Amino acid sequence: MNSLPLLQADAVSRQFSIRSGMFRPRSTLHAVNGVDLAVERGAVLGIVGESGCGKSTLARMLLGLTPPTEGAVRLDGQDIRGLGRRALARRVQPIFQDPYSSLNPRRSIASIVSLPLEVHGIDNPGQRKAIEMLERVGLPPRLAHNTPGQLSGGQRQRVAIARALVMHPEIVICDEPTSALDVSVQAQIMNLLMDLRREFNLTYVFISHNLAVVEHIATHVAVMYLGRVVESASTAQLFHDPRHPYTQALLASVLTPEPGLGIPDMGLGLSFPDPLHPPSGCPFHPRCQHAMPLCKTERPPLARREQALVACHLYPTAPSSPNGAQPS
Ligand SMILES: Nc1ncnc2c1ncn2[C@@H]1O[C@H](COP(=O)(O)OP(=O)(O)OP(=O)(O)O)[C@@H](O)[C@H]1O
Ligand SMILES: [Mg+2]
């Protein structure tokens, strides 16, 4: 039996060189900083954390759209840099928050969903495969020849889902797939994603601000803070016994599914720190009610604490093994 995780982030980092003002020198922003993740086949890894903590940057690295500045993303153990974009796209597909921006407004729905088949030279007589997939995701056949502008938000997201699945990928990276939709439509799309997962044996990475949704769909959860994973555990473990003070605050907060608004009131007193000037030691220490002198000077490693991996000095344990970011 193959013990390798299907998808792995191996100490991945992504830095951006940015200028915060016209005449200011460039500075380095560590959007993602040494993240280890392991996603088993059939799992749903939820990734949560406040706006700007690096979730989408990590998603883009998992999709091969943004190259890591350090570390590697591996599929069945192989660095995706060696796979080529087309081979990767057959196996890993995205579903983003705003399908409108990624759907060509001049093409018909059927031709948008047919495009990946054309690119890969797969037979699709009369666009039949695309139309079947559109039906499978709940779009009536009469819409197949409409353009994206003639569809509702929920219908457009169904088109994006059909396009992602028409090549039968193994992994789907969902980045806030329902956040732009009306609440009633969100539930329909979530149910569809869960049905499709079963039907097509999909593995999901699922990014959302909505913790209720993550609890519902994910088998495992990774909590990110300022570009790092601070806690990782099975969904049941994380929601019933959160260890990191940040995870505890996150779960206690009233969350909004609006990504632009982030997580409004965490009762933490201070707002999310400037990622250009991260705090010393544990980056969460200025907001942490349990902070000790050690927290100001030393960053705690992500370490196993019973069933969870936690990066916090409250739990002194041995460091985790390199690929142990997803406890069983
Ligand atoms: N192309 C880029 N150039 C410069 N900085 C970037 C770029 N992409 C992201 N960033 C910065 O990297 C950090 C992480 O951004 P990212 O979009 O990954 O966060 P996020 O967790 O997805 O946030 P949200 O929940 O709002 O979607 C932010 O500070 C962001 O401003
Ligand atoms: Mg994002």
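In this predicted model, one open sheet holds 4 strands in the order 2-1-4-5, with antiparallel pairing. Strand 2 (27-39) and strand 5 (78-79) stand at the edges. Each has a single partner strand, so one side of each is left without a neighbour in the sheet. Strand 1 (residues 7-18) and strand 4 (residues 70-75) run antiparallel and are joined by 5 bridges. Q8 has R74 of strand 4 as its bridge partner. Helix 1 (residues 55-62) lies across strand 1, strand 2 and strand 4. Its direction makes about 120° with strand 1.

Another open sheet is built from 8 strands, and its pairing is mixed. The strand order is 6-7-8-3-9-10-12-11. Strand 6 (92-95) and strand 11 (303-305) are the edge strands, each pairing on one side only. On average, neighbouring strands of this sheet are turned by 20° against each other, direction ignored. Strand 3 (residues 44-48) runs parallel to strand 9, and 4 bridges join the two. L45 stands opposite H220 in strand 9. Helix 1 packs on this sheet as well. Its contacts are with strand 3, strand 6, strand 7 (171-175), strand 8 (203-207) and strand 9. The helix direction makes about 155° with that of strand 7. Helix 7 lies across strand 3, strand 6 and strand 8, and runs at about 155° to strand 8.

The largest nonpolar core has 61 residues. V159, I161, Y204 and F206 have the most contacts inside it. Helix 7 (residues 183-200) gives the most to this core, with 7 residues. Leaving aside residues up to four places away in sequence, I161 touches I95, V137, I189, L192, L193 and L196. A second, separate core has 32 residues, among them L37, I80, M224 and L309.

Aromatic pairs come to a count of 3. One of them joins Y225 and F284. The arrangement is edge-to-face, at 5.2 Å centre to centre with 85° between the planes. The pair links distant parts of the chain, 59 residues apart. Y225 belongs to strand 9 (residues 220-225). F284 lies in the loop between helix 10 (245-252) and helix 11 (293-297). Both Y225 and F284 are buried. Together with Y246, Y225 and F284 form one aromatic cluster.

Methods
Residues are numbered from 1 along each chain as its sequence is written. Chains are lettered from A and ligands numbered from 1 in the order in which they are written. This is a predicted model: local features need pLDDT of at least 70, side-chain atom pairs count only at pLDDT 80 or more; totals for chains, interfaces and linings use all residues. Side-chain values use heavy atoms; hydrogens and water are left out. Two strands pair if DSSP finds at least two bridges between them. Contact means heavy atoms within 4.5 Å. Axes are lines fitted to C-alpha atoms, for helices over the stretch in contact, and angles run from 0 to 180 degrees between N-to-C directions. Rings of Phe, Tyr and Trp (its six-membered ring) pair if their centres lie within 6.5 Å; planes under 30 degrees apart count as stacked, over 60 as edge-to-face and the rest as tilted. Buried means under 20% relative accessible area, exposed over 50%, partly exposed in between (1.4 Å probe, protein chains only). A nonpolar core is a set of buried Ala, Val, Leu, Ile, Met, Phe, Trp, Tyr and Cys residues joined through side-chain atoms within 4.5 Å.
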